[in-house]
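Thanks for making time this morning; I would like to walk through one model with you, starting from its strands and ending at a loop. Please keep the structure on the screen as I go.

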Amino acid sequence: MKLVIGNRNYSSWSLRAWLYLTESKLPFEEIYLPLDTPEWAAEIDKYSPARRVPVLIDDDLSVWDTAAIFEYLLEEYPQAVGWPHNRRARAHARSISAEMHSGFIALRDELPQNLRQRHPLPLASLSPTCQAQIRRIQAIWRDCYQRYAGPWLFGEFSVADVMYTPVALRFLTYSIPLDNDVKIFQDAVRHLPSVKRFLAAARAEKESLPFIDALIGQADNPLTLG
Ligand SMILES: N[C@@H](CCC(=O)N[C@@H](CS)C(=O)NCC(=O)O)C(=O)O
């Protein structure tokens, strides 16, 4: 299988798909297609009509959109990272994963993924909507820790942890203060060996998106970065 990814530094959806395949111990080849480059413009159509990354290529099949990639792999490979075994926990994990997949727009705009940067942003500089979304994410994590044993949200590493990994790293980039009872998730994420490898690869990338590096913490990104 091949996985088309964008800049590791900026593309949180690429990180999710990469982490999913890696933690599922599925062998794959990476196709690196940096965002907003002539190479991207020339090649993205070849992989996905939606013109977004990640894209999973399995022989002549192209699967795009992170949630579809997870479901496709989960049907095929029993060892793939899955959902909690308990039905109620599974419904809960699916709810928070869907919430991440379809929401948190202000947070994505105002705290774009920028793994190699450290740029503390005071909460007061963020919009009230973004501040509310930061509180919501902590409430989601807290609710999980009150119901299930940590360090992962549902005890064992699951799709929900993959979905929330990038936001835990955004909070590191911008030094967003987290309550002690939920920081356990951020600590688990940053110490995961696969995440450390991804961070090292992001730091080694040559490409940069100046509008994100320069406008760090501001909205109006011309690309959808998720
Ligand atoms: N819903 C999609 C979102 C994918 C997405 O927005 N990818 C961004 C990079 S993180 C992208 O390809 N942006 C390119 C563009 O906006 O032209 C998914 O879950 O995979």
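Before I name any partners, let me say that two strands are taken as paired if DSSP finds at least two bridges between them, and that what you are looking at is a predicted model.

With that in hand, take strand E3, residues 55-58, which pairs with E1 in the antiparallel sense over three bridges; within E3, the bridge partner of Lys-2 is Ile-57. E1 itself, residues 2-5, is also joined by four bridges to strand E2, residues 29-32, and these two run parallel, with Ile-31 in E2 serving as the bridge partner of Val-4. Between E1 and E2 the chain passes through helix H1, residues 12-23, and this β-α-β crossover is right-handed.

Let me turn to the domains. The domain assignment of the protein gives domain 1 as 2-76 and domain 2 as 87-214, and their centres, taken over C-alpha atoms, are separated by 20 Å. Domain 1 puts 19 residues into the contact, while domain 2 puts in 21 residues. On the side of domain 1 that touches domain 2, the elements giving two or more residues are H1 and helix H3, 66-76, and the largest share of that side, eight residues, comes from H1.

Next is helix H6, residues 128-147. How far apart should the ends of its 20 residues be, at 1.5 Å a residue? The expected span is 28 Å, and the end C-alpha atoms of H6 are 29 Å apart, which agrees. Buried in H6 are Cys-130, Gln-133, Ile-134, Ile-137, Ile-140, Trp-141 and Cys-144; seen down the helix axis, the buried residues fall within an arc of 115°, so they line one face of H6. On the other side of H6, Pro-128, Arg-135, Ala-139 and Gln-146 are exposed. As for what the buried residues of H6 pack against, the partners are helix H4 (87-102), helix H5 (105-110), helix H7 (159-173) and helix H8 (183-190).

That brings me to the loop between H7 and H8, where Asp-179 has its place. Is Asp-179 buried or exposed? Asp-179 counts as exposed, because it has 11 C-beta neighbours inside 10 Å, and the cut-off for exposed is 12 or fewer. To relate this loop to the strand where we began, Asp-179 and Val-4 are 175 residues apart in sequence and, C-alpha to C-alpha, 35 Å apart in space.

Terms used:
Residues numbered from 1 in each chain as written. Predicted model: local features only at pLDDT ≥ 70, side-chain atom pairs only at ≥ 80, totals over all residues. Right-handed = clockwise from strand over helix to strand, strands pointing away. Expected span 1.5 Å × (residues − 1). Buried ≥ 20, exposed ≤ 12 C-beta atoms within 10 Å, placed from the backbone. Arc of directions from axis to C-beta. Contact = placed C-beta atoms within 7 Å. Domains from an automatic or database assignment.
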